[in-house]
Amino acid sequence: MSLLLRMLLNIKNGKNLNSMNIEEAKRMFKDNFIGPNELNSISSTLKISRILLEKTCFPPIPDIEKAVKDSARDYVLVLGIEKHHDGIPISIKSLRDIFGMDPQKREPCFYNQDWYINEKFTSISLKNKWYLIKKTVDKKTRRKDPNALADNLQRGKDFPPAILTAFTFFSYFLINKGAKLWKNDFVWCADKDSNGDRVYTGRYLDSNKKNKNGFNIHRHLSLKLYYALAPMSIITSKK
């Protein structure tokens, strides 16, 4: 049966096309699906309004390429939410206010650092649309310069915004009983700080167990004119 015919039959029978797509996506992605029902289950923690399914208050899921469908277990399909229930945009700042930075008080949380508080990217919100992001880093990109990676990205691929990695991490953790995305890895992001240095996030657990638990947000310091050496002269005493 053609897609068009199926759509017409569903409209004729009064079926919700979004609900049909939702069920298909849930079967495909299983625990890697963060849709309306999943977000409703954690709405009080995220301080978001419940999504009314009967009013189709969410966008339809766009067509997903076959390569992703065949490896859906490696991806997370997540519905982006733009604002909290009080109208404040969902951002890294707002999530930081919710989850805090002290793992001894509660988890999940952010890693205790404040360099990014006044950076513009921390106020960027998601759009009300579906996002698809890999659960793990691509092994082929390890130890690769992010600028080189950007120059060689495959068609249809891009760096994720930092807010997407944060929103997905915390939502996934809450929905899947503490499961941690990128728990030992950092993820390059699309954002750059005010100095033009690329942001990277993730690594909730320090494999060396030297740092406390927390979702990290860092920047990759690139070489600039003001990085230089002021050599020290070694003074030797005469015998």
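This passage describes a helix and the aromatic contacts of a predicted model.

The structure is a predicted model, in which local features need pLDDT of at least 70 and side-chain atom pairs count only at pLDDT 80 or more, while totals for chains, interfaces and linings use all residues. Residues are numbered from 1 along each chain as its sequence is written, and side-chain values use heavy atoms, with hydrogens and water left out.

Helix H8, a DSSP run (H or I, at least four residues) numbered from the N terminus, covers residues 162-175 and reaches 20 Å from its first C-alpha to its last, close to the 20 Å expected at 1.5 Å a residue, where the expected span is 1.5 Å times one less than the number of residues. Of its 14 residues, 12 are buried (under 20% relative accessible area, with exposed over 50% and partly exposed in between, for a 1.4 Å probe and protein chains only), among them Phe167, Phe169, Phe170 and Phe173. Just after H8, lysine 177 takes a positive phi of about 55°.

Across the whole structure, 15 aromatic pairs are found (rings of Phe, Tyr and Trp, the last by its six-membered ring, with centres within 6.5 Å; planes under 30 degrees apart count as stacked, over 60 as edge-to-face and the rest as tilted). The rings of tryptophan 115 and tyrosine 116 lie with centres 5.6 Å apart and planes at 90°, so this pair is edge-to-face. Phenylalanine 169 and phenylalanine 170 also form an edge-to-face pair, at 5.2 Å centre to centre and 85° between the planes. Both of these phenylalanines belong to one aromatic cluster, which includes Phe99, Tyr204 and Phe215.

How values were computed. Helices (H or I, at least four residues) and strands (E, at least two) are DSSP runs, numbered from the N terminus.
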